[in-house]
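Subject: Structure handover

Hello,

Here is the structure I promised to pass on. Please open it alongside this email, and my notes follow below.

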Amino acid sequence: MRFIADLHVHSHYSRATSKDMSPEGIWKWAQLKGITVIATGDFTHPKWLKELNEKLDPVGNGLFMLKKEYRADDVPESCKADVYFILSSEISCIYGKNGRTRKVHSVILAPDFASAARLNIVLSKIGNLNADGRPILGLDAKELLKITLDASPDALFIPAHAWTPHFSVFGAASGFDSLEECFEELTPHIYAIETGLSSDPLMNRRLSALDGITLVSNSDAHSAAKIGREANQFDTEISYPAMINAIKTRKGFLGTIEFFPEEGKYHYDGHRDCGVSLSPKETIHHDYLCPVCGKKLTVGVMHRVEKLADREEGFKLPGAPTYFSIIPLPEIIAEGLKCGVNAKKVNALYFPLLEKLGNEFHILMDAPLEDIERAGTPLIREAVSRMRAGNVHIAPGYDGEYGKVSIFEEVERKEIKGQMKLL
């Protein structure tokens, strides 16, 4: 069965996370987005794990469903679908290795509450799991992998947002130049890495060392509306063992749904305080220093990939899973209306579109353009058409600033509106 899964989100117990990241809120928005399997996030937090135990029922296949008494009746009929939860958590390891301070984030998937509890018992002796939904531990990432496998051989350990400058396995500021440097003899237990918002599979395939690694993409959502901004496509039975096997073997793992990497907030190099955004070549020209204030630049994902790559840009690995690049529907609507994504008139068009056409992924990837125009406006239809063709303009994100999406030139916007009036 073909379905979409988002394997990395956060709960309301994580810092800077919305209160709507409750089991009920995640369940609702998974349907609005078109996600069948959604991560719980943060199972290392004792209070969140207790809440999950209270509100979720095991299905018997390593996944869980929200109990009926917690399901609100405010999901449009066009979006209603079964949603399954998978136990997940992100852990931050900060430690010294090979003469440098390392900061590596990892996502762990667990097959049952017992496995999660065993892992939590060990980790609670290392750090304070109550402090944050994403705990910070003074622990070598390799040791975390070993502890995870000891807790359950069926758990899956995935280096998170693998290229983010400050908190990832390949990050320019605190990462490593290879998986082997980080995980040593345990590297064969790394079957997948998370590409993160600022890179896509095409960029990652420039490293031949990753040829045997499955590239997964997830939202890392801190609010319900951000669920599914990146996700994975499977063609397996809906079960924990089937999904883990698909990730390990790539049989049944169809590929990913991606941000355009330029939109990620660490794609280019730069210095946010000075508004400086630079390509890798420009950064080298300026000796890695901000041309405005002289401080050290934050080296972005594109630069880091370029440094570690042993293949030319544009290389395509034969037989690799496919991927589909999207712009979230609220951003498309905001671009069409020429307003901020949080404006009320964006929601005033977003939810009626879902009610008429179905979930967001269906609208972005599959819905006929004629149906989108009838349900929305010619501007929305044209924007989706251009997104599907990759015909978009994005000023790259840098140093924590998201990239700026531009689908229309002003003259085009006026032409389309003029055609709409004639019709």
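Asp287 counts as exposed, at 55% relative accessibility. This is a predicted model, so please read every value here as computed from it. Asp287 sits in the loop between helix H8 (280-285) and helix H9 (301-308). Its phi is positive, about 55°, although Asp287 is not a glycine.

Asp42 also has a positive phi without being a glycine, in this case about 60°. You will find Asp42 in the loop between E2 and H2. Is Asp42 buried or exposed? Asp42 counts as buried, because its relative accessibility is 0%. One more positive phi belongs to Gly34, which follows H1. The value there is near 100°.

Helix H1

H1 covers residues 23-33. Nine of its eleven residues are buried, so H1 is largely enclosed by the rest of the structure. The buried residues are Pro23, Gly25, Ile26, Trp27, Trp29, Ala30, Gln31, Leu32 and Lys33. What covers them? The cover for the buried residues of H1 includes E2, H2, strand E4 (64-66), strand E5 (84-97), H11 and helix H12 (360-365).

Take H2 from that list. Helix H2 spans residues 46-55. H1 and H2 pack at an angle of about 65°. Their axes are 10 Å apart. Which residues of H1 and H2 meet? On the H1 side they are Pro23, Glu24 and Ile26. On the H2 side they are Trp48, Glu51, Leu52 and Lys55. By class, this contact has four nonpolar and three charged residues, and no polar ones.

Aromatic rings

How many aromatic pairs does a search of the whole structure find? The search finds nine. One of them is formed by Trp29 and Phe351. The pair is edge-to-face, with 6.1 Å centre to centre and 70° between the planes. Trp29 lies in H1 and Phe351 in helix H11 (residues 344-357), so the pair ties together parts that are 322 residues apart in sequence. Trp29 is buried, with a relative accessible area of 15%. Phe351 is partly exposed, with a relative accessible area of 26%.

Phe157 and Phe183 form another edge-to-face pair. Here the centres are 5.7 Å apart, and the planes stand at 85°. Phe157 belongs to strand E8 (residues 156-159) and Phe183 to helix H5 (residues 179-183), so this pair ties together parts that are 26 residues apart in sequence. Phe157 and Phe183 are both buried.

Two further ring features deserve a look. Phe3, Phe234 and Phe253 form one aromatic cluster. Arg102 lies over the face of Phe176, at 4.1 Å from the ring centre.

Strand E1 and its partners

Strand E1 covers residues 2-6. Four of its five residues are buried, so E1 is largely enclosed by the rest of the structure. E1 pairs with strand E11 (residues 231-235) through four bridges. These two strands run antiparallel. Which residue in E11 is the bridge partner of Phe3? The partner is Phe234. Phe3 and Phe234 are thus bridge partners, and they also share the aromatic cluster with Phe253.

E1 also pairs with strand E2 (residues 37-39). This pairing is in the parallel sense, over two bridges. In E2, Ile38 is the bridge partner of Asp6.

Asp235 in strand E11

Asp235 is found in strand E11. Asp235 counts as partly exposed, at 36% relative accessibility. What does Asp235 touch, not counting residues up to four places away in sequence? Asp235 touches Met1, Arg2, Gly252 and Leu254. Ile363 is 128 residues from Asp235 along the chain. The C-alpha atoms of Asp235 and Ile363 are separated by 20 Å.

Where to start? Try H1, with its packing against H2 and the pair of Trp29 with Phe351. Then turn to E1, which is joined to E11 and paired with E2. Finish with the two loop residues that have a positive phi, Asp42 and Asp287.

Best wishes

Definitions and conventions
Residues numbered from 1 in each chain as written. Predicted model: local features only at pLDDT ≥ 70, side-chain atom pairs only at ≥ 80, totals over all residues. Heavy atoms only, no water. Phe/Tyr/Trp six-rings, centres within 6.5 Å; stacked < 30°, edge-to-face > 60°. Buried < 20%, exposed > 50% of the residue type's maximum accessible area, 1.4 Å probe, protein only. Lys NZ or Arg CZ within 6 Å of the ring centre and 35° of its normal. Axes fitted to C-alpha atoms, helices over the stretch in contact; angles between N-to-C directions. Contact = heavy atoms within 4.5 Å. Nonpolar A, V, L, I, M, F, W, Y, C, P; charged D, E, K, R; others polar. Pairing = 2+ DSSP bridges.
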